[in-house]
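Thanks for making time this morning. Please have the sequence and the model open. I will go through a few places in turn.

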Amino acid sequence: MGRTGRGGQRDDGSQVIAESAPDDAVSASTVPASSTGPAGDSLRLTGPVLSGLALARGEVDRAAHLRADADWLKAAWADPATRVIVVERGQALCELADQHAVLAFIAPPEAPDGVRFLLGVEADGRAYFGVAGPLPEQPGPGVRPAYLREAGPLLSDRDAGLLTHAVALANWHETFTHCPRCGSPTDPIASGHSRKCPVDGSEHFPRVDPAMIVLVTDPADRALLARNAQWPERRVSILAGFVEAGESAEQAVAREVAEETGITVGAVTYLGSQPWPMPQSLMLGFRAAAANTDIHVDADEIAEANWYSRDELAAAIADGTIRLPPPVSIAHRIIETWYGTELPGSW
Ligand SMILES: [Zn+2]
């Protein structure tokens with residue numbers, strides 16, 4: 001990795017020490033909450049491309065053509081059928097049960113002040129908005145604030161997509177408030193999907209940081225799992241890191257794997273992607289074949305890295321030697337594509 005200084009407030013309130021990697025991956029630095037639950041009916045474990053990822057399931061039309069239509073927006077906000085989800089510091093109100101969650105929408109007149117964004121329009125014409133503002137103080141029975149990491153895998157496809165979209169925009173508006181050209185405060189436009197500088201007229205779009213995450217396998221089809229130097233004992237995942245400026249995702253895979261473990265990769269295969277707006281990553285998932293098996297870890301980044309056969313992985317999980325990332329993460333799903341069936345995730 002080697003990049004630091006992008007620290008920020010995580011959605012669990014803890015400070016990221018070196019937010020130089022996505023937080024469901026081995027280069028992350030703090031502890032995500034554990035999460036369990038189904039990742040969607042379309043779960044595919046052995047196919048060439050991942051589907052049904054927990055945070056990549058949106059089904060509401062984003063209706064980008066309506067974002068600048070002031071008359072339509074005004075009418076939609078006045079429509080009693082319209083639903084609003086409020087996001088505050090990465091959390092939204094949800095009704096949560098063991099294996100299921102539902103977003104606790106409110107009507108537009110109940111929404112707090114704050115940046116408003118059009119999330120989309122359903123086939124029946126119902127509009128959905130997000131508002132970045134304080135959560136309602138007296139939620140109904142069974143309703144409480146929840147982070148995307150917790151609620152995401154338990155929500156329906158519709159609600160998971162709406163909340164992922166809303167959290168990503170809310171995080172961006174919270175952070176990118178000023179013009180990078182002249183330093184003036186900027187104004188939200190396009191229903192919260194961009195910001196404009198009133199001084200020089202420049203327009204700025206939501207920041208998304210691409211990060212690659214890769215399962216490396218050796219000629220014996222063993223998987224490479226590693227523990228970040230800042231993680232507690234037993235926690236392991238696959239390798240990951242941000243794509244650098246002027247670099248392709250595939251080049252980032254080869255560079256990160258070599259830097260962190262001394263392994264040279266040959267063929268690199270794309271598997272799928274998942275937004276990870278905590279605060280602003282897009283995870284690009286890969287498989288890669290190792291050309292050598294001697295591991296030399298970069299001790300600054302990686303505490304340990306080892307090859308696991310399927311039997312060795314199952315045994316290590318069963319006896320508590322290692323713990324895998326939660327099912328909401330693309331890391332967990334990529335490991336399952338190699339293993340061949342579902343695995344417990346217990347971060
Ligand atoms: Zn400006």
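**Thr217 and its surroundings**

Let me start with Thr217, which lies in strand S10, residues 209–217. Keep in mind that this is a predicted model. Is Thr217 buried or exposed? Thr217 is buried, because its relative accessibility is 9% and the cut-off for buried is under 20%.

What does Thr217 touch, leaving out residues up to four places away in sequence? Two of the contacts are tryptophans, Trp307 and Trp338. Arg222 and Arg287 also touch Thr217. The alanines on the list are Ala223, Ala288, Ala289 and Ala290.

**The zinc site**

Now to the metal. Which residues coordinate the zinc ion? Three cysteines do so through SG: Cys179, Cys182 and Cys197. Asp200 joins them through OD. The distances run from 2.2 to 2.4 Å.

What is the geometry of the site? The site is tetrahedral, and the angles among the four donor atoms span 98 to 121 degrees.

Along the chain, the donors follow the spacing C-x2-C-x14-C-x2-D. Cys179 and Asp200 are 21 residues apart and link distant parts of the chain. Cys179 sits in the loop between helix H3 (157–175) and strand S7 (187–189). Asp200 sits in the loop between strand S8 (194–196) and strand S9 (203–204).

How do these two donors stand in terms of exposure? Cys179 is buried, because its relative accessibility is 3%. Asp200 has a relative accessible area of 33%, so Asp200 counts as partly exposed.

**The cavity**

Next, the interior. How many cavities of 30 Å³ or more does a search of the whole structure find? The search finds one. The volume of this largest cavity is about 40 Å³.

Its lining includes Ile85, Val86, Ala92 and Leu93. Ala104, Ile106, Leu135 and Pro136 line the cavity as well. Which elements give two or more residues to that lining? They are strand S1 (83–87) and strand S2 (91–96).

**The chain overall**

Last, the whole chain. There are 15 strands and six helices. Of the 347 residues, 51% are buried. Take the contacts between residues at least 6 apart in sequence: 65% of them join residues at least 24 apart. The exposed area is about 14900 Å², with carbon and sulfur atoms supplying 51% of it.

That is the tour. Thank you.

Conventions
Residues numbered from 1 in each chain as written. Predicted model: local features only at pLDDT ≥ 70, side-chain atom pairs only at ≥ 80, totals over all residues. Heavy atoms only, no water. Donors = N, O, S within 2.8 Å, 3.2 Å for Na, K, Ca; no water. Tetrahedral: all angles 85-135°; square planar, octahedral: opposite > 155°, others 65-115°. Helix = DSSP H or I, 4+ residues; strand = E, 2+ residues; numbered from the N terminus. Buried < 20%, exposed > 50% of the residue type's maximum accessible area, 1.4 Å probe, protein only. Contact = heavy atoms within 4.5 Å. Areas by Shrake-Rupley, 256 points an atom, 1.4 Å probe, with all protein chains shown as cover. 1 Å grid on protein atoms, 1.4 Å probe; cavity = no way out; pocket = protein on both sides within 12 Å on 5 of 7 lines; lining within 4 Å. Points joined across faces, edges and corners; volume = space filled by probe spheres on them.
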